[in-house]
Amino acid sequence: MENQSLIGDYRIHYKEVTDVAISDGIVAVSSSDFSTENFSLISKGKGALDVFTFSGQRIISRLFDYSGISLMEFSPYNPNLLVFRESEKINVLDISEDMLLHTFISGGFVTDYVIMDGYLLSSSADGTIRLWVMDGIGWEYAFSRITLPQSINNIAVHAGVMAVSYNSSNKAIILRDLKNEDALVLSDHYGSIGGCSFNPDGSRLLTYTADSGQIAVWDWETKDLAGMIETGHNLLFAQYIDGGGKIFAPAKDGTMLVYDGLTLEPVTQTHVDTSLHSKFISSDGSLYAAITWGGVKIIRTADLSTVVEIKEMIPKTILFCAQNSKVVIQNSLEVKIYSCETGEELFAFREEESMKSIAVDDNKQLLAMICPDNSVRLVDLGSYEERYSLDDFEIAALRVLFDAEGEYLFVCMDDYSLRCYEAESGKPVAELKGMSAPVVKVTFDADKTCLITQGDGSEAIIWRWESRKKLGRIAPLLGISSDFRTLVSFKLKDLILIPLYDTRMLVQQAEKQLAGRTLSDKDREDLFILK
């Protein structure tokens, strides 16, 4: 400790210094006016970043109005790259140009990260571990995300093995790469797969490519290719209709195609002068809403005949209800209900500002709407009277949706959490957290043991419904088999069929891949295997 001397004395924005990082001749200092920031607080204070040369020259000064910053570190691979935490974000700043190269938004408060060459590995308070790619605009490598049952405090990586410590716990765990050896890859498409559809009895799976216009049909029992349709069009989607007897495929140029579901031969086709691309189809696939320059044309998918035309310009959402006898159309300021038989307007809900989202439940005849005042109104589609409203949201509501049976109403919030209510009464049931995108679809298995929430970009999380715990995650998710035992995913032109392991199967795989060692109760807990 001899011969110490003061190199510099630097004036920063706020009194509370939260972190310091040093590179070649450079010192970065983060400060805050709110020193108690943590992942359980809504108010995040203000932060500042000051970067100085050792001689005292301030070369960078940045203010952060909504959050303090901390956890700073210079990249060991590039001394000009400064990485720092901003609540749920990880920022990468090039100090040579004072340019923010990347902002990675995690699912929760960032607790730790590891810098690698071209990558960042982060942990969050929501229990997720994410791999970020520092390339171009920056993106998450979603296939590598890991979800654990508790908030993570620290992570460390060495020789392909990751060590993780839990927050408020005396336990640390070791994560190894357990592979799903029963996953099956099918490769017969020429282009990137756009979606899939099972026929009603689950015996066949249909997949399609949007740009190359291919429709592949697979025998689900043998996993063999049963046939391929070359449509010659850029498809919006393709799906089974008419009880699986036919395939309906609308194209981006307004062409609509129908094929035989068994022989795959063409049945009929027509062309509609569409103004916007539409994916609005009834839940049973029998009616399709085409958006034309004159309004909305309701088309019977089996024979492509026109059912009715409605003079409704630029609709935002189109939903069928009342056994397809009514259609609900949302435009900029109104939600209107029309007869599918006559095209007559039956009722209208009008607001001074746009409603964010609507959803219908055909089982209980309910319409849910997010109103401009951020309340959710539930309306009876028979009487058009309000059943109840939910108006106690402290943050913005983004989307409403029902499960297939209409038992639950789900409200997706601005922080991507999902709140669940009894559809009939509005009684709160659960709140699910940890999603990285707004949820657009929910799917229960037959006995409501598992729930799969699917977000924008097709990210999906598997939950054990009774305990509300995460069982796993998959991205992207295209579909789920009718027996709820197989998840359908893809990577470019490859179709990937992934078994949805139950507890017994998961234990067998873990023991097999850990050199035959039998898992103790503690091992099972650490590997998040639920009994």
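In what order do the four strands of the open sheet lie? In this predicted model, the order is β26-β27-β28-β29, with antiparallel pairing. Two strands, β26 (274–276) and β29 (305–310), form the edges, and each pairs on one side only. Direction ignored, neighbouring strands of this sheet are turned by 45° against each other on average. Strands of a sheet pair through backbone hydrogen bonds, either parallel or antiparallel.

One pairing in this sheet was examined further. Strand β28 (residues 295–300) pairs with β29 in the antiparallel sense. Five bridges join β28 and β29. One residue pair can be named: K297 has E309 of β29 as its bridge partner.

The search for enclosed space returned one cavity of 30 Å³ or more. The volume of the largest cavity is about 70 Å³. Its lining comprises 13 residues. Closest to the centre of the cavity are L236, A251, G254, T274 and Y288. The sheet described above contributes to this lining. Strands β26 and β27 (287–292) each supply at least two lining residues. The most comes from β27, which gives three residues.

Strand β11 was considered next. This strand spans residues 128–133 and contains W132. T128 also lies in β11.

W132 has a relative accessibility of 4%. This value is under the 20% cut-off, so W132 counts as buried. Beyond its neighbours within four places in sequence, W132 is in contact with I90, F104, I105, S106, G118, Y119, L120, S122, W139 and E140. F104 is 28 residues away from W132 in sequence, yet their C-alpha atoms lie 7.3 Å apart in space. With S122, the W132 side chain makes a polar contact to the side chain, at 2.9 Å.

T128 has a relative accessibility of 1%, and therefore counts as buried as well. Two polar contacts of its side chain can be listed. One, of 2.7 Å, reaches the side chain of D126. Another, of 3.2 Å, joins the side chains of T128 and R130. Leaving aside neighbours within four places in sequence, T128 is in contact with S106, S122, S123, I146, T147, I152 and K470. S106 and S122 also appear among the contacts of W132. Both W132 and T128 thus belong to β11, and S122 is in contact with W132 and with T128.

Conventions
Residues numbered from 1 in each chain as written. Predicted model: local features only at pLDDT ≥ 70, side-chain atom pairs only at ≥ 80, totals over all residues. Heavy atoms only, no water. Buried < 20%, exposed > 50% of the residue type's maximum accessible area, 1.4 Å probe, protein only. Contact = heavy atoms within 4.5 Å. Polar contact = N/O pair within 3.5 Å; in protein donor to acceptor, adjacent residues only side chain to side chain. Pairing = 2+ DSSP bridges. Axes fitted to C-alpha atoms, helices over the stretch in contact; angles between N-to-C directions. 1 Å grid on protein atoms, 1.4 Å probe; cavity = no way out; pocket = protein on both sides within 12 Å on 5 of 7 lines; lining within 4 Å. Points joined across faces, edges and corners; volume = space filled by probe spheres on them.
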